[in-house]
Structure formats: C-alpha cells, structure tokens
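Q: Please take a close look at the side-chain contacts of this protein, above all those made by aromatic rings. I would welcome one connected account that also covers the charged pairs and the nonpolar surface.

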Amino acid sequence: MNVLLVVIGLPLVMVLPGLCTVAALAPLRRLDWPERIYVVLAISTAVSGWLGLILAQIGIFSLWLLLGLLALYSLTLGLLAWRRGRWRWPGPEAPRQTFLVSMGLLALSAVFVGLAFRPFELILGPRDAAVYPATAAQIARHGGIRIVDELVPTLIQETPEDTHNAFVQFFGLQHPGRFYYHYLRMPGFFIADSEGAYIPEFLPTTDGRIVVPQFYHLYPTWLAIGFSLLGIEAGLFVTPYLSLLGGLGAFFLARRLFGGRVALLAYLFLVVQTLQVWFARYSTAEGATQFLMFLALYGLLRLDEDESSRQEPFWGLLAGLALGMIGLVRVEFFFPWLLLLPYLAYRFIARRFRRGHRLMLLALGILALHTLAQFVTLTRGYTIGIYYHRIPVSYTHLRAHETPEHLVC
C-alpha cells in the first residue's frame, strides 16, 4: 500500500467533493452537524463512483486520472463557495440533536463497524460475490470493464450438444453468436465475431474473446477505487462502508419523519439485523443500492419539507442524482423510478411543481440517459437475460402445476 497515495487519495474520494458541494450549494443553516457530515460523505462517494464508472466504461480508468477529475471538481465548487462567501459554515437553525441521540448514533455505528467490517473473501469465480470483485480488479488493473479472454474461443465445440453444454443461449431471437458465458471461469456475456455474428462498430475484432462481466458496474467501480487506493484486501471494506452510509441514511430519514428517539430505535434494529450485516460483508450490490435509495428518499423529504427548500437546487439535484444512480447499480432500477411517477403527477396536477422538482427530473434524466447508454454498450445481454427468462420460466412453472380442475372456470 502506497501511504502517500492513501493520504492524497482518500480525502479526494471520500471528503473533498462532498465538502465543496455542500459549501457551495447546500442550505447550511437547515443542516445540523451530523447531517452535514453524512451528506458530505454521501456526495463524495456518489460523485467519485459516477466519475470512475464513466472512465471505466470508456476504457480509460486510472486512479490518478480519477483523482485529478475529483480535484478539479472540488476546486471548481470550492471557488464558487468562496465567491459566494459560504466557507464560514454558520451554525444550524434547526433544533440540535440531543446528547443521548448523538451518543447513541455513535455507539450503534461503532457496533455496526465491529459486526460488518469483516468482508468475505471468495475465490469461486461463478459466485456473485466473486464476480463483482473480479470485475473490480479488471477495472483497476486494465482500465476497462470488458475482458479479453483467450480461453473463450477454445470453448466453442463442433456439435450442437457440446456447444449447449458450454454456453446457454439466453435470447432465441438474437443471433446465436451472442451467448451467456456460464460457470466456466467468470460469468459474463461475450460477443463472437464469427461469420454473420453481431459485433458493434466501436469494438475491435477479437475473434470472440470479449467477455462482459454480468451485473451492472457502478458497484464494481467503487470496489476498483478501493482496490487502487488500498489494495485488494483492504479495498473490500468498501462494501461495509456503503452499508454504513445506507444505515445512516435510514437514521436521518427516520429522524426527520419521527424524531431522534424513534430514528435511534430503527437504527438499532437495522444495525443488529442479520441481513444487514450479511450484505455488508458479502461483496454484492445490495449495500450500494440501500445507500443510494435512502440518500434519494432523504433528499426528496428535505425537498418537500418547506416552500423555500423547493426553490433551491441542492435537494432536488441530490434526490435526482441518487435515484438515477440506482440505474447504474441494479437491474431492477425502474421499480423505484416508477414509484416516483405518481408523486410527480400529483405535484404537477396540484400546481406544486417547483424549481427543485424540475432539477430533480433533470438530474434523473441525465442518469437515465447514462443508463440507456450503459444498456446499449455493456448490459444489454445481462438485462434482457434477467427479464426475458422470468416470463417463460414463470409460465412453464405454472403450467407444470396445472391440473384440469385449474382450467375449469
């Protein structure tokens, strides 16, 4: 581990982008100190992950390039905050958190750190919790998501039976040159450029050796940043860190809704819950999704708390950014997006659609375009494979259990 790199990199990845964003844009007097710390850490994590993912998708990811972009981002917003005279950090107008709640929050966070900051280390390639770190290692080492695997062409056999044993074709209407690379090395999707097979124009000819790791790739990008900064072993702590931010988001959301004591009780139940600890240790994207979901809900709640906050850009941008980034981390992204539509429709019909809501839609729209670009270039096979199989498999399962009585009206 390079100590100098850690000293330079950790503040740029975890603190400075959020600190400068909050200083330049946030309504500081309506944020108490615990909330300020949470928002700073959350924004820094979101911005560094998003920029890192863009670099990885282009194929030019490197830690120093990412740190340079984060430094430029922080410098730009820091200068904006300085020109607006916002570096004085005034005291909060909101009622202060009681000493008991503050100490309880710190104590429960320490308990969660003790329980969850012991990530699993898996070596079985086909396991979900190994595919994510393997993808992250690919990003950190080679700068991109696609893997060129020389073994893939050797797996194609002459007979249909052998071919079926090696590959599982996931979508019959697509060309048979596109297959699912199944439980042989690392699950993923590759594009065979044999005669007549589909290959995008922007990809070089590689004789069917390209493997696109399955899943969405924002969470592996966070892991890749951790690997590049801290090494493989310490970089796995990114997963429990994301879960910690998710738990803190749940606490601050509940505190705004129900008060400090109820929020502390909810945080207690979450901290000691088996599933929360499990997914904080297990290297899968559930913790990252929880972090983004509660950050989006927290921003949406703050946006609608009072009329003045709806006119400010900060809460709308925060909610839209966090909600939109779910589209880069999970294949089920459109479910939380659909839940937003009735809310926005009500706001529009009631003529209560303010500037903050428009900015939220703008941020969500930008992330939706990024999700679409990701689908076209990287995740189409995985996404279609997930949803296409759910329909025929569910239908076949239903038909297998039908009896003549079930068919009688």
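A: **Aromatic rings and their surroundings**

Phenylalanine 237 is partly exposed, with 32% relative accessible area. Buried denotes under 20% relative accessible area, exposed over 50%, and partly exposed the range in between (1.4 Å probe, protein chains only). The model is predicted, so local features require pLDDT of at least 70 and side-chain atom pairs pLDDT 80 or more, whereas totals for chains, interfaces and linings use all residues. Residues are numbered from 1 along each chain as its sequence is written, and side-chain values rest on heavy atoms, with hydrogens and water left out. Helices (H or I, at least four residues) and strands (E, at least two) are DSSP runs numbered from the N terminus.

The whole structure contains 22 aromatic pairs (ring centres of Phe, Tyr or Trp, the latter by its six-membered ring, within 6.5 Å; planes under 30 degrees apart are stacked, over 60 edge-to-face, the rest tilted). One of them joins phenylalanine 117 to phenylalanine 237, a stacked pair with 6.1 Å from centre to centre and 25° between the planes. Because phenylalanine 117 is in the loop between helix 5 and helix 6 (128-142), and phenylalanine 237 in the loop between helix 9 (232-235) and helix 10 (238-258), this pair ties together parts that are 120 residues apart in sequence. Phenylalanine 333 and tryptophan 337 form an edge-to-face pair, because their ring planes stand at 65°, with the centres 4.9 Å apart. Phenylalanine 333 is buried at 14% relative accessibility, and tryptophan 337 is buried at 14% relative accessibility.

These two residues belong to an aromatic cluster made up of Tyr132, Phe215, Tyr216, Tyr219, Phe333, Phe334, Phe335, Trp337 and Tyr382. Within the cluster, phenylalanine 215 deserves separate mention. Its place is the loop between strand 5 (210-213) and helix 8 (218-230), and it is buried with a relative accessible area of 8%. Its phi is near 80°, a positive value in a residue other than glycine. A positive phi, near 50°, also appears at tryptophan 89, which lies in the loop between helix 4 (63-83) and helix 5 and is buried at 17% relative accessibility.

Tryptophan 337 also leads to helix 16, where Pro336, Trp337, Leu340, Tyr343, Leu344 and Arg347 are buried. An α-helix has 3.6 residues a turn, so residues three or four places apart point the same way. Helix 16 (residues 334-349) has 16 residues and should span 22 Å at 1.5 Å a residue; the end C-alpha atoms are 23 Å apart, which agrees. The expected span is 1.5 Å times one less than the number of residues. After helix 16 comes arginine 351, with a positive phi near 55°.

**Charged contacts**

Arginine 36 places its charged end over the ring of tryptophan 33, 4.3 Å from the ring centre (the criterion is NZ of Lys or CZ of Arg within 6 Å of the centre and within 35 degrees of the ring normal).

There are 9 salt bridges, each a side-chain nitrogen of Lys or Arg within 4 Å of a carboxyl oxygen of Asp or Glu. Aspartate 32 and arginine 255 form one of them, at 2.8 Å from N to O. Aspartate 32 lies in the loop between helix 2 (16-25) and helix 3 (33-58) and arginine 255 in helix 10, so the bridge ties together parts that are 223 residues apart in sequence. Aspartate 32 and arginine 255 are both buried.

Glutamate 305 pairs with arginine 256 at 3.5 Å, N to O. Here the parts tied together are 49 residues apart in sequence, because glutamate 305 is in the loop between helix 13 (286-303) and helix 14 (307-310) and arginine 256 in helix 10. Glutamate 305 is partly exposed at 33% relative accessible area, and arginine 256 is partly exposed at 25% relative accessibility. A network of salt bridges links Asp32, Glu35, Arg255, Arg256, Arg302 and Glu305.

A further salt bridge joins glutamate 332 to arginine 330 at 3.0 Å, N to O. Glutamate 332 is partly exposed, with 32% relative accessible area, whereas arginine 330 is buried at 19% relative accessibility.
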